Amino acid sequence: MDRILIIMILFFSCALLAQEKNEPKGKNMDAILLVTFGTSDPEAKKAFANIEKLARKKFPDYEIRWAYTSEMIRKKLARNGEILPSPEEALSKLKEEGFSNVYMQSLHIIPGAEFHEVVAVSTKFKKDFDKLVISPPLLNSMDDVKKSVEIMLSKIPADRKKEDAVIFMGHGSGKHPSDMIYVAAAYVIEKSDENAFMATVEGNPAFGDILARLNEKKIKKAYLLVFMSVAGEHAKKDMAGADTDSWKSILAKNGIESVPVLKGMAEYDEIVNIWLEHLEKTIGKK
Ligand code: CO
């Protein structure tokens with residue numbers, strides 16, 4: 001008799017456990033999907049770990065997931081056994097798991113081409129959730145630009161002298177209208193510090209224009225800071241690399257010594273907080 005009772009208890013508890021396992025995870029939980037271009041650089045990944053840490057602290061009741069938009073980076077990581085979903089895959093999974101409210105946070109710097117690709121993907125999934133919204137990237141208003149520039153100007157190494165230049169490396173976005181946001185940032189930077197500049201890899205202001213101005217001003221030393229979320233390939237190669245076409249090499253050819261600071265914007269908590277404030281505002285909207 002006892003044995004039958006024990007078996008019955010065991011049976012029912014297993015059934016209960018199984019049921020719990022099948023219960024959709026997202027039933028009583030909303031999800032945050034952090035969307036970034038991605039990185040395969042282990043050093044740069046520190047910046048992402050920092051974003052996740054701060055996001056979990058600010059939004060403890062949310063399921064937090066990542067999506068990488070770059071197929072090239074996802075493939076590279078997959079070869080090493082690290083599987084990261086595309087925004088499409090991440091949304092499919094959240095849908096499958098039964099989440100009804102999903103807040104996507106764009107971890108881009110500007111609402112450029114990549115951001116708008118994410119918007120296009122989310123549009124396809126709108127019907128699958130009660131709520132699916134995208135929160136804007138870092139620089140979504142002049143106020144964001146001012147705040148971010150102020151933070152980044154405070155990160156210039158303390159030993160920089162007034163006559164030394166500071167150049168922020170932004171990505172730039174070629175023909176996209178949002179490229180102009182870098183020009184807006186350049187305006188704010190130059191207004192705050194007459195020897196500080198913004199130059200971009202693929203847009204405006206161009207590095208060549210800034211170089212001409214450094215030469216005019218007879219600058220001898222320049223601090224190079226990263227105006228991108230991570231200090232990845234562009235920072236390591238195009239800015240501080242040994243190749244003849246890196247900013248460091250070009251500056252050296254012009255008699256300007258450079259001091260690269262290889263730290264991405266996402267490594268600074270104050271910058272991450274701007275993204276998270278956008279998210280808080282997006283979640284708060286009815
Ligand atoms: Co690039």
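Contact means heavy atoms within 4.5 Å. Helices (H or I, at least four residues) and strands (E, at least two) are DSSP runs, numbered from the N terminus. The model is predicted, so local features need pLDDT of at least 70 and side-chain atom pairs count only at pLDDT 80 or more, while totals for chains, interfaces and linings use all residues. Residues are numbered from 1 along each chain as its sequence is written, and side-chain values use heavy atoms, with hydrogens and water left out.

**Exercise 1. Overall description**

Describe the protein by its elements, its box and its buried share.

Step 1. The protein has 11 helices and 8 strands.
Step 2. Taken along the principal axes, the C-alpha atoms fill a box of roughly 95 × 40 × 30 Å.
Step 3. Buried means under 20% relative accessible area, exposed over 50%, and partly exposed in between (1.4 Å probe, protein chains only). Of the 286 residues, 48% count as buried.
Step 4. Take the contacts between residues at least 6 apart in sequence: 76% of them join residues at least 24 apart.

**Exercise 2. Helix α11**

Check the span of α11 and find what covers its buried residues.

Step 1. The expected span of a helix is 1.5 Å times one less than its number of residues. For the 16 residues of α11 this should be 22 Å, and the end C-alpha atoms are 22 Å apart, which agrees.
Step 2. The buried residues of α11 are I271, V272, I274, W275, L276, H278, L279, T282 and I283.
Step 3. Their cover includes the strands β1, β2, β3 and β4 and the helices α2 and α6 (142–153).

**Exercise 3. Helix α2**

Determine how the buried and exposed residues of α2 are placed around its axis.

Step 1. Helix α2 (residues 45–58) has 14 residues, which should span 20 Å; its end C-alpha atoms are 20 Å apart, in agreement.
Step 2. A47, F48, N50, I51, L54 and A55 are the buried residues of α2.
Step 3. These residues cover an arc of only 155° around the axis, so they lie on the same side of α2. The arc is that of the directions from the helix axis to the C-beta atoms.
Step 4. The exposed residues K53 and K57 are on the face turned away from the buried side.
Step 5. The cover of the buried residues of α2 includes β1, β2 (62–68) and α11 (269–284).

**Exercise 4. Strand β3**

Establish the burial of β3 and its pairing with β1 and β4.

Step 1. In strand β3 (residues 101–106), 6 of the 6 residues are buried.
Step 2. Both faces are covered: N101, Y103 and Q105 are buried on one side, and V102, M104 and S106 on the other.
Step 3. Two strands pair if DSSP finds at least two bridges between them. Strand β1 (residues 30–36) runs parallel to β3 and is joined to it by 5 bridges; V35 stands opposite S106.
Step 4. Strand β4 (residues 131–135) also pairs with β3 in the parallel sense, over 5 bridges, and K131 in β4 is the bridge partner of N101.
Step 5. From β3 the chain crosses through helix α5 (residues 113–125) to β4 in a right-handed β-α-β crossover. Right-handed means that, with the strands pointing away from the viewer, the path from the first strand over the helix to the second runs clockwise.
Step 6. S122 is in helix α5 and, at 3% relative accessibility, counts as buried. Leaving aside neighbours within four places in sequence, S122 is in contact with L91, M104, L132 and I134.

**Exercise 5. The cobalt ion**

Identify the protein donors of the cobalt ion and place them in the chain.

Step 1. Donors are N, O and S atoms within 2.8 Å of the metal (3.2 Å for Na, K and Ca); water is not among the atoms, so sites may look incomplete.
Step 2. The protein donors are H171 (NE2) and H234 (NE2), lying 2.1 Å from the cobalt ion.
Step 3. H171 is in the loop between β5 (165–170) and α7 (180–192) and H234 is in helix α9 (residues 233–239), so the pair ties together parts that are 63 residues apart in sequence.
Step 4. H171 is partly exposed, with a relative accessible area of 25%; H234 is also partly exposed, at 23%.
Step 5. Helix α9 also holds D238, which is partly exposed at 28%. Not counting residues up to four places away in sequence, D238 touches M169, V201, E233, S246 and W247.
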